Amino acid sequence: MGFTILVDFGSTFTKATVVDMHKQCIVYTFRTPSTVGTDASIGLCKCFDAIKPVIGIEALQSSKKIASSSAAGGLRMIVVGLTESLSLTAGKNAAYGAGAKIIKTFFGNLTKNEIEEIGNIQPEIILLCGGYENGNTTWVLENAKKIAASSTIQAPVVYAGNSRIAAEVRLAFMQHDEICILAHNIIPAINELDIESSVEAVRNIFMKRITHMKGFDTVRQYVGDIVMPTPAAVLAGVELLAKGTDDEKGWDEVMLVDMGGATTDVHSYAEQDSLEGVRIVGAPEPKAKRTVEGDIGARESVNSLIEAADIRRLQRISGLSEIEIAACRDKRLAHHDFVPDTEKEKRFEQAIAMEAVRVSVRRHAGQIYDGYAEGVQRIQKGKDLLNVKTIIGTGGPIIDSENPSLILKQALKSSDEKNVLIPSAARFYLDTSYIFYAAGLLAQYDKKTALKLLKQNLVPLA
């Protein structure tokens, strides 16, 4: 069957993974600083130059090539919902699942100031949703007309709300020569979730935007069209590892934590079961879920990470004073490519990675709250991750740590946390080769081989 080359055009690195399809194994990986800002084909050609002596020029030319991209930081997106607990939450799940980068959310009847704010932000796409089928129509239609009439908002809109007014919503945008794509209602009824259609619509817009990437015409000659956004490929890899294939069992419920310089992404695949004596409220949760914590990162976002964490915990974990922590923070803010080179810097890096995992996983998960309605003693909001048995870490601060197990343990429930829906115990793995994007891409064509690659390349931790 020859070789398949999985390529990812990231905003930081352009990566390539070479798979021997006959032996079902990875034979080579390579990455180089990304050139998407100038000419994406330069980084791609560097990957090919590195691959050529490994498999030979004929194999390189005849190999199947599949590509993803998160270039330019992903699709900058705004979500407008009807209610914060329902349509807005479901809309965010759809946007993240499609690989978008949510920069702002709004809910309710949009005000004049909020319309102006959306115009100032200049999003690249807007997801508009709200209203059960045969439910509310007034505010959603008003929001559509306000957005369409704004001279400063030029982004294409995906409408995924009450279908009764879908034609009117689309007409409102057509009358102002604006693009509106109709998708299925994200929450058609109570406790029902339908995000696949809106996810597909957002991905299609992302793919069209990628065609404007510098050097894309040359890239297309080498690898064809980019088939999906990188975050969506990673989430597809997580889902495959959890579910398995018809021939091979998966690992059931799984969580992946990816810490970078600017964000920490959490991906999970878990069933949303109703706990005994607990009523689930709010938007239904997808089995495959991705969240992005834009204020949790090891470099660009280290200042907001420290604010989101507990400074006393950081001091206790690192053994550093508040003044020393501030000095370490400032060094990372000034130099995003900084590599810890002293014992003090390594202790700080370990501490912020631990806090990043602790905070981001708890934001990703749901919680149990006391109920106040008659006959309801407890209510659940958010995703149930109690049965997750495998937690995987990736990203430089986790992979390069001297004690990655201690970092991943922060994803577990502590003895005094009774209400957060995260596991009390799990097995830990590292993704040191950044295999998930490659597996997610390959799974679109060969799930069996993709699953084997995942299982072969994840490194177990004691």
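Here are some questions and answers on this predicted model.

Q: How many helices and strands does the protein have?
A: Both kinds of element turn up in this predicted model. The tally for the secondary structure is 17 helices and 19 strands.

Q: What is the radius of gyration of the protein, and why does it agree with a compact globule?
A: The C-alpha atoms fit a box of roughly 60 × 55 × 50 Å along the principal axes. For 462 residues, a compact globule would come out near 23 Å, so the protein agrees with that at 23 Å.

Q: What percentage of the contacts join residues at least 24 apart?
A: Take the contacts between residues at least 6 apart in sequence. Of those, the share joining residues at least 24 apart is 70%.

Q: What part of the accessible surface belongs to carbon and sulfur atoms?
A: Start with burial: 53% of the 462 residues are buried. The accessible surface comes to about 20300 Å². Carbon and sulfur atoms hold a share of that surface equal to 49%.

Q: How far apart are the mean positions of the positive and negative charges?
A: The protein carries 52 positive and 56 negative charges. Average the positions of each set, and the two means are apart by 2 Å.

Q: Why is helix 16 largely enclosed by the rest of the structure?
A: Helix 16 covers residues 435–442. Its buried residues include I435, F436, Y437 and L442, and A438, A439, G440 and L441 are buried too. The helix is largely enclosed because the buried count is 8 of the 8 residues.

Q: Is the ring pair of Y28 and F30 stacked or edge-to-face?
A: A search of the whole structure gives 3 aromatic pairs. In the pair of Y28 and F30, the ring centres are 6.5 Å apart and the planes are at 10°, under the 30 degrees cut-off, so the pair is stacked.

Q: Which helices do F48 and Y222 belong to?
A: F48 and Y222 make an edge-to-face aromatic pair, 5.7 Å centre to centre with 80° between the planes. The two residues are 174 residues apart, so to speak of distant parts of the chain being linked is fair. F48 belongs to helix 1 (residues 40–55), and Y222 to helix 8 (residues 216–223).

Q: Is F48 buried or exposed?
A: Its partner Y222 has 38% relative accessibility and counts as partly exposed. F48 has 8%, and the cut-off for burial is under 20%, so F48 counts as buried.

Methods. Residues numbered from 1 in each chain as written. Predicted model: local features only at pLDDT ≥ 70, side-chain atom pairs only at ≥ 80, totals over all residues. Heavy atoms only, no water. Buried < 20%, exposed > 50% of the residue type's maximum accessible area, 1.4 Å probe, protein only. Helix = DSSP H or I, 4+ residues; strand = E, 2+ residues; numbered from the N terminus. Rg over C-alpha atoms; globule rule 2.2 N^0.38 Å. Contact = heavy atoms within 4.5 Å. Areas by Shrake-Rupley, 256 points an atom, 1.4 Å probe, with all protein chains shown as cover. Lys, Arg positive; Asp, Glu negative; His and termini not counted. Charge placed at Lys NZ, Arg CZ, Asp CG, Glu CD. Phe/Tyr/Trp six-rings, centres within 6.5 Å; stacked < 30°, edge-to-face > 60°.
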